[in-house]
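Thanks, everyone. Please look at the screen while I talk. I will take it piece by piece.

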Amino acid sequence: MASFTTPCTVVVGVVSRKVVYLEVDSGKRVEEPVGVDLESAEPRADREFLSGHVAYTSFGTTIVKAVALGHSAYVLDLGGLKPLLRKAVPTRSVKVREFGAWEQVWNKPIFLSDKNPTVAVGASRAGALLHINAVPSDVELAKKVWAVAGVLQRAGALTLNCTCRLGLMPVEAAAVRGNRYVVAKFYLNTSSPRSRKVFFIVGEGGSVLQRKEVDVEEAEVTAYELLKSLEQP
């Protein structure tokens, strides 16, 4: 994970199995091994347009925005796994803080390709710092998260949230009906064995009624089964 003082704009790219973060104004550069080969996209901010896989910016306490640059990227949110806005970003526009068309991506994982293996990147704020994390991941895992979220959505109000700054990059889909809820937790970092499991919690108020851990392949069936807990009087 790399941290930057806000307001800031950071270009992220994968080069030779490393993720590179480049802060545009200060030139601060951070490199971390990620262990995944993607089509190289060296972060650059010394030309007319920004170069890299994606660019992030944060200039308010609740604002984290992003845009895809030289290659397509995909964001996972309540709309599913969908293409992130892609555009050419003039370096000049960053200097004058023109970010209106960029997408809000606070705690939303972004996948740098739609083929496996891939890299998941996420960003969040903590005080004056912008934290950006990148981990090896799997597009099929992202699709499974959305499939389970679709099942849970039948039960009630749905939320989908990724704690992107954590190394395992956990993402939770939760459905609430009245004072009961079902939560499904996935782990997007495929370098960990945890990514092959899904952890479910059924609760009522402040009490946990049931916990269950299953293989990713069983997640949708388990979600259907646990929905019955929300329907019981």
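Let's start at a proline. P117 sits in the loop between β10, residues 110-111, and β11, residues 118-126. Keep in mind that this is a predicted model. The peptide bond from N116 to P117 is cis, with omega near -10 degrees. Most peptide bonds are trans. There is another cis bond to show you. The bond from T6 to P7 is cis too, with omega near 0 degrees. P7 is in the loop between β1, residues 2-5, and β2, residues 8-15.

Back to P117. Which residues line the largest pocket? P117 is one of them, and so is N116. The lining also includes L112, S113, D114 and K115. From elsewhere in the sequence come L38, E39, H53, H71, S72 and Y74. The space in this pocket is about 190 Å³. What is the lining made of? Four residues are nonpolar, five are polar and three are charged.

Now step one residue along, to T118. T118 is in strand β11. Is T118 buried or exposed? It is buried, at 0% relative accessibility. T118 has contacts well along the chain in both directions. Among the residues it touches are V36, L38, F111, L112 and S113. It also touches V135, P136, S137, D138 and V139. Take V36 from that set. T118 and V36 are 82 residues apart in sequence, yet 6.6 Å apart in space, C-alpha to C-alpha.

On to the cores. How many residues are in the largest nonpolar core? The number is 34. The residues with the most contacts inside it are V148, L152, F186, L188, V198 and F200. Which elements supply at least two residues each? Two helices are on that list: α2, residues 139-152, and α3, residues 219-231. Strands β13, 157-162, and β14, 170-177, are there as well. So are β15, 180-187, and β16, 197-204. The biggest giver is α2, with seven residues. Apart from this core lies another one, of 29 residues. C8, Y21, V36 and V64 are among its members.

Let me pick out L188. Leaving aside neighbours within four places in sequence, L188 is in contact with P109, F111, V135, P136 and S137. L141, V145 and C162 are on its contact list too. The list also holds L168, M169 and V171.

That brings us to C162 and the cysteines. How many disulfides does a search of the whole structure find? Zero. Why is C162 not bonded to C164? The sulfur of C164 is the closest cysteine sulfur to that of C162, but it is 3.3 Å away, which is too far for a bond. The cut-off is 2.5 Å. It reads the same from the other end: for C164, the nearest cysteine sulfur is that of C162, at 3.3 Å, and C164 is in no disulfide. C162 is buried, at 0% relative accessibility. C164 is buried too, with a relative accessible area of 0%.

C164 leads to N133. N133 is in strand β12, residues 129-137. It counts as buried because its relative accessibility is 5%. Its contacts beyond four places in sequence include C164, R165, L166, G167 and M169. M1, Y21, A120, V121 and G122 are in contact with N133 as well. N133 and G13 are 120 residues apart in sequence and 12 Å apart in space, C-alpha to C-alpha.

Now some backbone angles. Most residues other than glycine have a negative phi. S16 has a positive one, near 50 degrees. S16 is in the loop between β2 and β3, residues 18-23. N107 also has a positive phi, near 55 degrees. N107 is in the loop between β9, residues 103-104, and β10. Which of these is buried, and which is exposed? S16 is exposed, at 62% relative accessibility. N107 is buried, at 11%.

One last stop: E48. This residue is in the loop between β4, residues 29-33, and β5, residues 54-60. E48 is exposed, with a relative accessible area of 60%. Beyond four places in sequence, E48 touches V89, P90 and T91. E48 and E23 are 25 residues apart in sequence and 16 Å apart in space, C-alpha to C-alpha.

Note on methods:
Residues are numbered from 1 along each chain as its sequence is written. This is a predicted model: local features need pLDDT of at least 70, side-chain atom pairs count only at pLDDT 80 or more; totals for chains, interfaces and linings use all residues. Side-chain values use heavy atoms; hydrogens and water are left out. Buried means under 20% relative accessible area, exposed over 50%, partly exposed in between (1.4 Å probe, protein chains only). On a 1 Å grid over the protein atoms alone, a cavity is a set of points where a 1.4 Å probe fits but cannot get out, and a pocket is an open set with protein on both sides within 12 Å along at least five of seven lines; lining residues have an atom within 4 Å of a point. Grid points are joined across faces, edges and corners, and a volume is the space filled by probe spheres set on the points. Ala, Val, Leu, Ile, Met, Phe, Trp, Tyr, Cys and Pro count as nonpolar, Asp, Glu, Lys and Arg as charged, and the others, Gly among them, as polar. A nonpolar core is a set of buried Ala, Val, Leu, Ile, Met, Phe, Trp, Tyr and Cys residues joined through side-chain atoms within 4.5 Å. Helices (H or I, at least four residues) and strands (E, at least two) are DSSP runs, numbered from the N terminus. Contact means heavy atoms within 4.5 Å.
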